[in-house]
Amino acid sequence: MEKIKSYITPIHLLVGNLILLFLFVHIGCANDEDDNLFGSVNVLSEGISPLPEYIPIPETNELTAEKISLGKQLFWDPILSGNKDITCATCHHPEKGYADALDVSIGVGGSGLGEQRNGTVLANRNAQTVVNSAFNGITRNGEVNPIAAPMFWDNRALSLEEQSLLPLLSKEEMRGLNIPENELYQSIIDRLEVIPEYKKAFLNAFGTDEITTDRIARAIASFERSLVAPNSPFDSYMRGELTAMTQQQINGMNAFVNVGCAECHSGPMFSDYQLHALGIPDNPKLSETDAGTGTYAFRTPTLRNLSFTPPYMHNGMHTSLEEVMNFYEEISEGDDDIINANLTVNDIDPLVRELHMEDDVSDAIIAFLEALNDPNFDKTVPSSVPSGLPVGGNIHN
Ligand code: HEC
Ligand code: HEC
């Protein structure tokens, strides 16, 4: 088995960060007099930092090329869905930044891809991107525990391994109505067992050709771990390449911290991985209110690769970053017309109500958010999948 090596060791990273810290303290001193929202700050000490240049890998699931390759086949193969019509890639498609470009995802029985997708069964929330989900849970100090990595808008699953089996079971996302929940895993295994190409791929990945849900989970999680994009202009800038961001983006970065965005959007993923109530309304397409874990609080999303993943928020109702910035301006001015009908202003997280949006910071912050894009993730689509079914499911209108 070919083991995937981290291409830079943590010790190098540590030395790199110490150099950067020096650099930023220095820049910080040079501009001490700036006291407006664009004034320079030591962003590292304020909690935003580049991604590490290695992939966090759990000891229980060593990353190998064979597992990644099997995981990719499973990710794209409709054989894993109850009615053989939908795949992970239907809602997490490389052309849509490994999300689906819809406000809320359309599940089983649907047809088409992205904005062109039609169907009546909804998955109720905006699909999150899978890119960089290998870093979920990373702290301000760059520590990650991949077996406890929080997943979903409400953090209800821990680790890519645990997450990867849940869409299969979900009646709306992949299972459909024909297979009872308690028979689902066995019926998927039975289907895979009779496909020689899968037997061989499991043998290559795991040393024997036994097919289990645990192995399916580990293969899919391995493929997802290969979908990292740690080289945005911001990352290059923070690693010392000072021309990687424009002056407007640097101003936007300072404003992002000074305004208070980094109170929640912190660390290398621009998320504290905590739940906060912003008062985002329910999507009117839903038949019931979505209170998350009960208090309408949802996980701070990553701000990486936003150019590829509109629309925004758990309800998918903000179609642009301008709209998101308007929302924060209105909330910080105490406007309660825009919040969820089940909440009052006092239910909204004080960190949002107290944002300093006095100056016109939106353009600069949006320019900064654009410096968090790295388009260099694997966008290749397999030409076929072992079942012989349509690659990606019923997405080819
Ligand atoms: C019908 C569309 C749909 C399908 C099919 C689907 N997903 Fe998702 N995925 C979503 C939605 C919607 C969310 C957010 C759900 C939530 O938070 O409750 C999500 C969330 C995730 C997350 C969490 C990311 C994060 O940062 O927390 C991962 C990882 C993921 N999906 C992987 C997969 C895999 C692997 C498969 C296939 C086994 C799959 N998805 C199938 C729509 C889908
Ligand atoms: C109290 C913590 C908190 C603060 C402060 C905060 N955010 Fe957020 N942000 C969140 C949460 C939580 C969500 C998701 C809310 C939801 O969908 O219910 C979010 C969503 C977003 C999104 C949508 C991303 C996506 O993929 O859907 C953007 C963009 C964003 N915030 C940018 C900012 C900016 C810029 C600031 C500063 C002006 C800021 N945030 C301040 C917690 C915060």
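Helices in this account are DSSP runs of at least four residues, numbered from the N terminus. The model described here is predicted. With that convention in place, α11 is the element that gives the most to the shell around ligand 2, with 4 residues. The elements β4 (297–299), α11 and α12 (350–353) each supply at least two residues of this shell.

The surroundings of ligand 2 comprise 28 residues, of which C261, C264, H265, M313 and Y328 are the closest. By class, this shell divides into 21 nonpolar, 5 polar and 2 charged residues.

Two of the closest residues also serve the metal. The iron atom of ligand 2 has as its protein donors H265, through NE2, and Y328, through OH, which lie 1.9 to 2.0 Å from the iron. Because H265 belongs to the loop between α10 (247–259) and β3 (275–277) while Y328 belongs to helix α11 (residues 321–332), the pair ties together parts that are 63 residues apart in sequence. Both of these residues are buried. The site of this iron atom has 6 donor atoms, with angles of 88 to 180° among them, and is octahedral. For six donors, that term requires opposite donors to be over 155 degrees apart and all other angles to fall between 65 and 115.

Polar contacts add further detail around ligand 2. A polar side-chain atom of H265 is placed 2.8 Å from a nitrogen atom of the ligand, and a polar side-chain atom of Y328 is placed 2.7 Å from a nitrogen atom of ligand 2. M313 takes part through its backbone: one of its N or O atoms lies 2.7 Å from an oxygen atom of ligand 2.

Attention may now turn to ligand 1. Around this ligand there are 26 residues, and C88, C91, H92, F152 and W153 come nearest. The iron atom of ligand 1 has H92 (NE2) as its only protein donor, at a distance of 2.1 Å. H92 is located in the loop between α3 and β1 (150–151).

Oxygen atoms of ligand 1 engage both backbone and side chain. A polar backbone atom of F152 lies 2.7 Å from an oxygen atom of the ligand, and a polar backbone atom of W153 lies 2.8 Å from an oxygen atom of ligand 1. From R156, a polar side-chain atom lies 3.0 Å from an oxygen atom of ligand 1. Two or more residues of the shell come from each of α3 (88–91), α4 (160–169), α5 (171–175) and α8. Among the contributors to the shell around ligand 1, α4 gives the most, with 4 residues. The shell as a whole has 12 nonpolar, 9 polar and 5 charged residues.

The last feature to consider is the set of aromatic pairs, of which the structure holds 11. One of them joins F75 and F223: their ring centres are 5.1 Å apart and their planes meet at 65°, so the pair is edge-to-face. This pair links distant parts of the chain, with F75 in helix α2 (residues 65–76) and F223 in helix α8 (residues 213–225), 148 residues apart. F75 and F223 are both buried. Ring pairs also join these two residues with Y98, F308 and F377 in a cluster. Helix α8 thus appears in two parts of this account, as it holds F223 and supplies two or more residues to the shell around ligand 1.

Note on methods. Residues are numbered from 1 along each chain as its sequence is written. Chains are lettered from A and ligands numbered from 1 in the order in which they are written. This is a predicted model: local features need pLDDT of at least 70, side-chain atom pairs count only at pLDDT 80 or more; totals for chains, interfaces and linings use all residues. Side-chain values use heavy atoms; hydrogens and water are left out. Donors are N, O and S atoms within 2.8 Å of the metal (3.2 Å for Na, K and Ca); water is not among the atoms, so sites may look incomplete. Four donors count as tetrahedral if all angles lie between 85 and 135 degrees; four count as square planar and six as octahedral if opposite donors are over 155 degrees apart and all others between 65 and 115; anything else is irregular. Buried means under 20% relative accessible area, exposed over 50%, partly exposed in between (1.4 Å probe, protein chains only). A residue is near a molecule or strand if one of its heavy atoms lies within 4 Å of it. A polar contact is a pair of N or O atoms within 3.5 Å; within protein, one must be able to donate a hydrogen and the other to accept it, and residues adjacent in sequence count only if both atoms are side-chain atoms. Ala, Val, Leu, Ile, Met, Phe, Trp, Tyr, Cys and Pro count as nonpolar, Asp, Glu, Lys and Arg as charged, and the others, Gly among them, as polar. Rings of Phe, Tyr and Trp (its six-membered ring) pair if their centres lie within 6.5 Å; planes under 30 degrees apart count as stacked, over 60 as edge-to-face and the rest as tilted.
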